[in-house]
Amino acid sequence: MTTLDEWITKSVKNIIHISETAHLDVAILARKVCMLDRSTLGASSHIRLNEQQLESLEYFLTRRLQGEPIAYIVGEKDFWTLTLMVNRDTLIPRPETELLVECVLEKIDCQKKIRILDLGTGSGAIALSLGKECPRLDIVGTDISQKALAVATTNSKLNGVSNVQFISGNWLDAVPGQQFSIIACNPPYIANNDRQIETIHTRFEPQSALVSGEDGLEALRHIIPLAYEALLPGGWLILEHGYNQKPSVNNLLSDANFASITHASDLAKTARVSMGQKAQRVK
Ligand SMILES: C[S@@+](CC[C@H](N)C(=O)[O-])C[C@H]1O[C@@H](n2cnc3c(N)ncnc32)[C@H](O)[C@@H]1O
């Protein structure tokens, strides 16, 4: 009978050539199948795997070897303080999007009951993180994908977040005539000829969540002027974008009359979030 430790050692060797995170991937699979948490995995290395566990582990490992992201295999991803269900109808939330959540939190007073819009909410990552952090906020998450919104709704229940409402629709059309203090958005921003979309990881994700026209800026070009109209005076638009899109997004924000435009950078010091404020007094 194979022990968990033996399976882990063998499996890391199997996937090390396709995954930069082979040790972590294998640990996540082992935890899922053997129903262990982070703290008990180490102490459980000697356990003997039964036939069913071994079969499940090998099935998951085969999927990983075919390039499927680990989050889709186990059906979940940790993001901010939440564990979110994900499937192939939703983008897998990325660490850079946590930077966007941080930027929103810096702009608001958590104790106030202000309205926040998360455009293109996907799994609900941004809306639910903010909702969990600040239960008084009144948050709307929108998406064009009904299937993504079904996942987001499940995630609100799984994470006990009750101050987020999900609405379907094409960008701002989902909330006609409504106004918000903050609009946050992580739109699709990859150009359709960009080789990033051919990476093994993104091949499994919905293309409508990733790709946006010839230069990757189609969605941002559409959203930015409409968001200006949907913001209350003094409100902020906070956007995630590609690693090389800071100058273009800066120009789009400025053309739409946004002021106080600033950018926030990731750990690699690359600007990945840009934000602009609507004037306090609109002329
Ligand atoms: C990059 S993903 C972001 C998902 C999630 N907010 C996150 O950060 O993990 C972009 C999202 O925008 C949605 N989307 C694409 N086109 C849209 C449109 N025309 N109107 C509304 N949402 C759209 C996609 O379905 C997808 O969920």
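A polar contact is a pair of N or O atoms within 3.5 Å, and the legends below apply this to a predicted model.

**Figure 1. Close-up of the ligand and the residues around it in the predicted model.** A nitrogen atom of the ligand lies 2.8 Å from a polar backbone atom of glycine 120, a separation that falls within the 3.5 Å limit for a polar contact. Side chains also take part: an oxygen atom of the ligand is 2.6 Å from an N or O atom in the side chain of aspartate 143, and an oxygen atom of the ligand is 2.8 Å from an N or O atom in the side chain of asparagine 186. On its own the ligand has 600 Å² of accessible area, of which the protein covers 94%. There are 17 residues around the ligand, and those that come nearest are Gly120, Asp143, Asn170, Asn186 and Ala209.

**Figure 2. Close-up of the salt bridge between lysine 10 and glutamate 58.** The search of the whole structure finds eight salt bridges, and one of them joins the side chains of lysine 10 and glutamate 58, with an N to O distance of 2.6 Å. Lysine 10 belongs to helix H1 (residues 4–15) and glutamate 58 to helix H4 (residues 51–65), so that this pair, 48 residues apart, links distant parts of the chain. Both partners are partly exposed, since lysine 10 has a relative accessible area of 36% and glutamate 58 a relative accessibility of 28%, values that lie between the 20% and 50% limits.

**Figure 3. Close-up of the salt bridge between arginine 64 and aspartate 25.** The closest N and O atoms of arginine 64 and aspartate 25 are 2.8 Å apart. Because arginine 64 lies in helix H4 and aspartate 25 in helix H2 (residues 22–34), the pair ties together parts that are 39 residues apart in sequence. Arginine 64 counts as buried at 10% relative accessibility, and aspartate 25 is likewise buried, with a relative accessible area of 3%. Side chains of opposite charge can pair when their charged atoms come close.

**Figure 4. Close-up of the salt bridge between glutamate 76 and lysine 32.** In this pair the closest N and O atoms of glutamate 76 and lysine 32 are 3.9 Å apart, which is within the 4 Å cut-off for a salt bridge. Glutamate 76 lies in strand S1 (residues 76–79) and lysine 32 in helix H2, so the pair ties together parts separated by 44 residues in sequence. Glutamate 76 is partly exposed at 36% relative accessibility, and lysine 32 is partly exposed with a relative accessible area of 38%.

**Figure 5. Close-up of helix H2 and the elements that cover its buried residues.** Helix H2 has 13 residues and reaches 18 Å from its first C-alpha to its last, close to the 18 Å expected at 1.5 Å a residue. Of these 13 residues, 10 are buried, and H2 is therefore largely enclosed by the rest of the structure. The buried residues of H2 include Asp25, Val26, Ile28, Leu29, Arg31 and Cys34, and what covers the buried residues includes H1, helix H3 (38–41), H4 and helix H5 (70–74). Just after H2, methionine 35 takes a positive phi of about 50°.

**Figure 6. Close-up of glutamate 205 and its polar contact with arginine 94.** Glutamate 205 is found in the loop between strand S6 (180–185) and helix H9 (218–230), and at 3% relative accessibility glutamate 205 counts as buried. Its side chain makes a polar contact of 2.7 Å with the side chain of arginine 94. When neighbours within four places in sequence are left aside, glutamate 205 is in contact with Tyr72, Leu91, Ile92, Arg94 and Leu210.

**Figure 7. Close-up of arginine 63 in helix H4.** Arginine 63 counts as buried at 17% relative accessibility, a value under the 20% limit. Not counting residues up to four places away in sequence, arginine 63 touches Glu68, Tyr72 and Ile73.

**Figure 8. Close-up of serine 260 in strand S8 (residues 259–265).** Serine 260 counts as partly exposed at 43% relative accessibility. The C-alpha atoms of serine 260 and glycine 276 are separated by 5.6 Å, although these residues are 16 residues apart along the chain. Leaving aside neighbours within four places in sequence, serine 260 is in contact with Trp236, Met275, Gly276 and Gln277.

Definitions and conventions: Residues numbered from 1 in each chain as written. Predicted model: local features only at pLDDT ≥ 70, side-chain atom pairs only at ≥ 80, totals over all residues. Heavy atoms only, no water. Helix = DSSP H or I, 4+ residues; strand = E, 2+ residues; numbered from the N terminus. Buried < 20%, exposed > 50% of the residue type's maximum accessible area, 1.4 Å probe, protein only. Expected span 1.5 Å × (residues − 1). Contact = heavy atoms within 4.5 Å. Near = heavy atom within 4 Å. Polar contact = N/O pair within 3.5 Å; in protein donor to acceptor, adjacent residues only side chain to side chain. Areas by Shrake-Rupley, 256 points an atom, 1.4 Å probe, with all protein chains shown as cover.
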